[in-house]
Amino acid sequence: MTTYLLAGGGTAGHVNPLLAVADALRLREPDATVLVLGTAEGLEARLVPERGYELLIVPRLPFPRRPNRAALGFPPRFNRAINDVVTILRDRRVDVVVGFGGYVATPAYLAARRAGVPIAIHEANAKPGLANRVGALLTRSVGVAFAGTRLRHARVVGMPLRREIETLDRAGSRAAGLAFFGLDADRPILLVTGGSLGARRINRTVVDSAAVLTDAGWQVLHITGNSAEVDNPNLPGYRMIAYCDRMDLALSVADFAVSRAGAATVCELSALGIPAVFVPYPVGNGEQRFNAADVVAAGGGILVDDAAFLPGWVRSELLPVLAEPERIHGMSVAAHSAGVLDGTARTIDLIDEAAGATTPHSA
């Protein structure tokens, strides 16, 4: 019986691929032990126990950015965290550590190296974080979601996606999706989403462009997020919802999309062959722009800066694209060519390799 320790957390970008792999491991090996290493503050503190996995807590220890009193106390706290993980590895007889980035991954990698436990790494973003840059120095089993990711020993395995996305039959589910959202089967559908909290610029611009989009013959399925600051334009063919718990059906009906460029969103859209306008989140290290680079280069997406995504851009740039079905079809084919639908299985093959398995398995 194999014992896996999956390390990662903080944000959905780390937690969701971790859970996709955990689920696939449990499906493949019902008698395996799947443990998750995380923090008490991150998204994993809620999602991991909800999914039925044991969560082992380590302190959230961001690397100090400047020399100060907190920085002086960091090395002993960090070393204690490593020692705590070493104890977990030995007491629970862990066979392989699988890291997905985030604060907990670095002590997990260093503890695994100290305890002689094999390491596998998955990097979801095009710009790798510090934890996985450190981890990639300690193992050759390094998988990345995007071809442009610069990480030692990296090979493209794609993104581990939720099983309902990996197995989605878009054509077969379309009728159910149309009924679920109350949409017309005879008009194409533009899916708009900015994530669970929404995206202010996307929401405002799309609402202000509602009339021109629907007048052009398109329906709009607009998922605003729970913190949206826009009102429903209440136009025929415009469906606004704050939250969607059936994204599989939303993706089934989408003919085109407008979204942020988070790694999971980019990977889901491209794997399913849905062309998109990507509006990268303008704050942070700019990683979202890099996440969209491969599919944009392939011709399956259009990149526009947050500041430029205005009603005038919708009229001058987006509407002409939406008016050309042949161009949309070509973009769909290109998006699909840049996507990977079996990222979970490829990641598990990588884990098997790290653990010394002689025969690759699939999820």
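Hi everyone. Let me start with one pair of strands: strand 11, residues 256–259, runs parallel to strand 12, residues 276–278, and 3 bridges join them. Within that pairing, alanine 257 sits opposite alanine 276 of strand 12. Before I go on, please keep in mind that this is a predicted model.

So where does that pair belong? Strands 11 and 12 are part of an open sheet of 6 strands, paired in parallel, with the order 10-9-8-11-12-13. Which strands stand at the edges of this sheet? They are strand 10, at 238–241, and strand 13, at 301–303; each has a single partner strand, so one side of each is left without a neighbour in the sheet. From one strand to the next, the twist averages 15 degrees.

There is also a helix to look at here. Helix 8, residues 200–208, lies across strand 8 (189–193), strand 9 (219–223), strand 10 and strand 11. Its direction is at about 155 degrees to strand 9.

While we are on helix 8, have a look at arginine 204 and aspartate 208. These two form a salt bridge, and their closest N and O atoms are 3.1 Å apart. Why are they about one helical turn apart? Because they are 4 residues apart in helix 8. Arginine 204 is partly exposed, with a relative accessible area of 37%, and aspartate 208 is partly exposed too, at 46%.

Now to the other sheet. This one is also open, with 7 strands in the order 3-2-1-4-5-6-7, and again the pairing is parallel. Strand 3 (54–57) and strand 7 (154–156) are its edge strands, each pairing on one side only. Here the twist averages 25 degrees from one strand to the next.

If you zoom in on the strand 3 edge, strand 2, residues 33–38, pairs with strand 3 over 4 bridges in the parallel sense. There you can find leucine 35 opposite glutamate 54 of strand 3.

Which helices lie across this sheet? One of them is helix 4, residues 105–115, which lies across strand 1 (3–7), strand 2, strand 4 (96–99) and strand 5 (119–123). Helix 4 runs at about 160 degrees to strand 5. Another is helix 16, residues 343–355, lying across strand 1, strand 4, strand 5, strand 6 (142–144) and strand 7. Helix 16 makes an angle of about 155 degrees with strand 5.

Let me pick one residue from helix 16, threonine 347. Is threonine 347 buried or exposed? It is buried, with a relative accessible area of 2%. Setting aside neighbours within four places in sequence, threonine 347 is in contact with Val21, His122, Val157 and Pro160.

That brings me to the nonpolar interior. In soluble globular proteins, nonpolar side chains tend to be buried together. In this model, the largest nonpolar core has 37 residues, and the members that touch the most others are Phe181, Leu191, Leu221, Leu251 and Phe278. Two or more residues of this core come from each of helix 7 (170–181), strand 8, strand 9, helix 10 (247–253), helix 11 (263–271) and strand 12.

Phenylalanine 181 is a nice one to click on. Not counting residues up to four places away in sequence, phenylalanine 181 touches Leu221, Arg239, Ile241, Cys244, Arg246, Leu249 and Ala250.

Last topic: charges. How many salt bridges turn up in a search of the whole structure? There are 17. One of them joins the side chains of aspartate 255 and arginine 174, at 3.4 Å from N to O. This pair links distant parts of the chain, 81 residues apart: aspartate 255 is in the loop between helix 10 and strand 11, and arginine 174 is in helix 7. Aspartate 255 is partly exposed at 26% relative accessible area, and arginine 174 is partly exposed at 22%.

Another salt bridge brings together the side chains of aspartate 305 and arginine 289, at 2.0 Å from N to O. Aspartate 305 lies in the loop between strand 13 and helix 14 (311–322), and arginine 289 is in helix 12 (residues 287–291), so the pair ties together parts that are 16 residues apart in sequence. Both count as partly exposed, aspartate 305 at 42% relative accessibility and arginine 289 at 37%. And finally, Asp23, Arg26 and Arg51 are joined into one network by salt bridges that share partners.

Thanks for listening!

Key: Residues are numbered from 1 along each chain as its sequence is written. This is a predicted model: local features need pLDDT of at least 70, side-chain atom pairs count only at pLDDT 80 or more; totals for chains, interfaces and linings use all residues. Side-chain values use heavy atoms; hydrogens and water are left out. Two strands pair if DSSP finds at least two bridges between them. Axes are lines fitted to C-alpha atoms, for helices over the stretch in contact, and angles run from 0 to 180 degrees between N-to-C directions. Contact means heavy atoms within 4.5 Å. A nonpolar core is a set of buried Ala, Val, Leu, Ile, Met, Phe, Trp, Tyr and Cys residues joined through side-chain atoms within 4.5 Å. Buried means under 20% relative accessible area, exposed over 50%, partly exposed in between (1.4 Å probe, protein chains only). A salt bridge is a side-chain nitrogen of Lys or Arg within 4 Å of a carboxyl oxygen of Asp or Glu.
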